[in-house]
Number of protein chains: 2
Amino acid sequence: MAAFDQAVSLKSLGGDQFEGHTSPAYANFVGPFGGIMAAQALNAVMQHPGRLGEPVSLTVNFCAAQTDGAFTVQARPVRTNRSTQHWIVETTQNNEVVLTATVFTATRRDTYRKVEHSMPAVGVPTDTPIQGGPKRVEWVNRYEMRFVEGHFPGKWDGSGQASTRSRLWMRDEPPRRLDFCALAAMCDAFFPRVWLHRASFVPIGTVSMTVYFHASSAELATTGTGYLLAQAQGQNFFNGYFDQTAQLWNEAGALLATSHQVVYYKE
Amino acid sequence: MAAFDQAVSLKSLGGDQFEGHTSPAYANFVGPFGGIMAAQALNAVMQHPGRLGEPVSLTVNFCAAQTDGAFTVQARPVRTNRSTQHWIVETTQNNEVVLTATVFTATRRDTYRKVEHSMPAVGVPTDTPIQGGPKRVEWVNRYEMRFVEGHFPGKWDGSGQASTRSRLWMRDEPPRRLDFCALAAMCDAFFPRVWLHRASFVPIGTVSMTVYFHASSAELATTGTGYLLAQAQGQNFFNGYFDQTAQLWNEAGALLATSHQVVYYKE
């Protein structure tokens with residue numbers, strides 16, 4: 001079983017309750033990589049027998065660092081309509097909340113489609129050298145990253161840059177067929193914009209992330225193990241919190257997900 | 001009391017429970033304007049005696065149309081840390097959930113600041129003519145809107161336009177000192193991007209909206225009754241749901257809020 005599948009696997013405890021375990025393969029500086037925690041929360045909804053439709057929207061709030069070991073995910077369908085459903089998710093450890101999430105699922109219908117934010121023209125993935133982030137952080141090794149622009153700062157000299165836009169080709173390492181949980185995790189795989197902006201290694205922590213899915217499982221299956229072009233940019237850095245807006249396209253130019261997050265930073 | 005204050009006013013029912021009433025002044029096509037529902041949910045957190053700090057992040061999920069009359073808001077602090085707090089909010093009518101929200105509040109500290117997404121150069125508000133949306137929808141009359149570009153479609157002839165970017169100067173009507181609840185409501189005051197994109201009056205409904213606040217109450221007080229430059233643009237229209245990204249600056253160029261939403265559309 002791939003590291004990702006192992007990390008997001010949950011055991012049903014009956015009803016709305018699931019049990020999972022943190023994965024050393026996705027360890028971050030402190031606690032697990034936020035993207036894997038988001039994927040675990042979403043996976044509880046995906047595995048819930050009462051689920052209607054597929055994910056359209058996911059918001060994850062990171063309340064506290066998880067400690068290594070078991071955790072419980074409660075995924076509660078709070079409103080079920082004819083073709084839509086709203087979920088509240090709470091992940092707990094020792095009866096303390098470490099993560100909350102809301103998920104919106106829906107049965108989609110074929111309608112008019114149009115990508116307005118179209119994929120920028122960049123080189124093909126295999127012509128772009130592999131270059132990731134800090135390898136000593138274990139989860140970074142679970143992604144193949146090929147930076148087109150806005151790569152991980154080479155030195156912490158405070159030089160920084162006005163634009164924090166990053167563009168990179170990315171996929172799971174080892175390659176794995178794309179699904180909603182993996183896509184949600186990738187939305188959190190950008191290194192913090194404040195590091196790029198200031199070239200200063202300030203402490204950070206994502207507090208909330210939202211993902212909008214613009215794909216059904218069929219589009220994700222078509223993407224398969226291909227690369228995603230992932231783009232992220234900050235919008236504002238204000239008194240301890242900055243935000244980031246992100247887009248992830250597949251190689252065919254389908255905008256599979258748009259995402260946003262707000263991140264704590266010190267100083 | 002201004003219409004806005006009346007609309008968001010809540011009576012404490014003790015503990016985490018509050019009672020509110022829908023306001024005819026903010027009526028939409030069906031049920032209330034989503035922005036006022038978001039403001040009511042946030043106001044329950046603002047009025048909660050256990051609140052720590054000020055709002056940094058708000059996600060609101062619209063689960064069902066509210067009917068006219070009373071509703072109950074439960075605002076539950078699920079995790080309180082040293083300087084941050086996570087909330088789950090549920091608005092119910094007749095014991096059915098009509099709205100869920102998560103809110104993150106924090107005590108901010110003065111840090112490095114930088115607006116990366118700077119305000120575009122547009123004319124001053126008073127040189128921009130007042131031009132709103134469909135006046136027969138009551139809530140639209142609660143905002144003074146002065147469109148710089150991307151105004152409400154004049155005719156439904158299917159002509160549409162590739163870019164759905166709107167820019168407008170906006171404030172409460174009558175003018176009212178800005179606060180977090182009013183700012184949250186304004187983040188939902190854009191007409192649906194799909195109407196601009198297709199010049200077709202298709203049925204729509206926001207399902208989830210996120211607001212990141214880049215201001216403390218001091219910055220909002222400084223903004224006072226001044227105008228906000230509000231910008232919104234769609235990113236993707238896919239099988240029944242499109243998203244929108246938005247920015248709201250005050251006249252001094254402070255980016256007070258960034259916001260995103262995903263919206264159902266038919267056909």
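This is a short talk on how two chains of a predicted model are related, where they touch, and how one strand sits in its sheet.

I will start with the two copies. Chain A is superposed on chain B by a rotation of 180 degrees, with 0.0 Å of shift along the axis and an RMSD of 0.0 Å. The two copies are therefore related as by a two-fold rotation axis. Both copies use the same surface, since 100% of the contact residues of chain A recur in chain B.

Now the contact itself. On each side there are 50 residues: 50 of chain A are in contact with 50 of chain B. Which strand gives the most to the side of chain A that touches chain B? That is strand E11 of chain A, residues 228-238, with 5 residues. Sorted by class, this side of chain A has 16 nonpolar, 24 polar and 10 charged residues.

E11(A) also pairs across the chains. Strand E7 of chain B, residues 114-115, is joined to E11(A) by 2 bridges, and the two strands run antiparallel. Within that pairing, Asn236(A) has Val115(B) as its bridge partner.

Next, strand E12, which I will describe in chain B. E12(B) covers residues 241-250, and 10 of its 10 residues are buried. Tyr241(B), Asp243(B), Thr245(B), Gln247(B) and Trp249(B) point one way from the strand. Phe242(B), Gln244(B), Ala246(B), Leu248(B) and Asn250(B) point the other way.

E12(B) has a partner strand before it in the numbering and another after it. E11(B), residues 228-238, is joined to E12(B) by 9 bridges and runs antiparallel to it. In this pair, Asn250(B) stands opposite Leu228(B). The two strands form a hairpin with 2 residues between them, and Asn239(B) in the turn has a positive phi of about 40 degrees.

Strand E13 of chain B, residues 255-265, is likewise joined to E12(B) by 9 bridges, again antiparallel. Here Asp243(B) has Val262(B) as its bridge partner. This hairpin has 4 residues between its strands, and Gly253(B) in the turn has a positive phi of about 90 degrees.

Last, one residue in chain A. Asn250(A) is in strand E12 of that chain, residues 241-250. Is Asn250(A) buried or exposed? It counts as buried, because it has 22 C-beta neighbours inside 10 Å, and the cut-off for buried is 20 or more. Apart from neighbours within four places in sequence, Asn250(A) is in contact with Thr223(A), Gly226(A), Leu228(A) and Leu256(A). Thr223(A) is 27 residues from Asn250(A) along the chain, yet their C-alpha atoms are separated by 6.5 Å.

Technical notes. Residues are numbered from 1 along each chain as its sequence is written. Chains are lettered from A and ligands numbered from 1 in the order in which they are written. This is a predicted model: local features need pLDDT of at least 70, side-chain atom pairs count only at pLDDT 80 or more; totals for chains, interfaces and linings use all residues. A residue is buried if 20 or more other C-beta atoms lie within 10 Å of its own, exposed if 12 or fewer, and partly exposed in between; C-beta atoms are placed from the backbone. Two residues are in contact if their C-beta atoms, placed from the backbone, lie within 7 Å. Copies are superposed by least squares on the C-alpha atoms of residues with pLDDT of at least 70 in both. Two strands pair if DSSP finds at least two bridges between them. Ala, Val, Leu, Ile, Met, Phe, Trp, Tyr, Cys and Pro count as nonpolar, Asp, Glu, Lys and Arg as charged, and the others, Gly among them, as polar.
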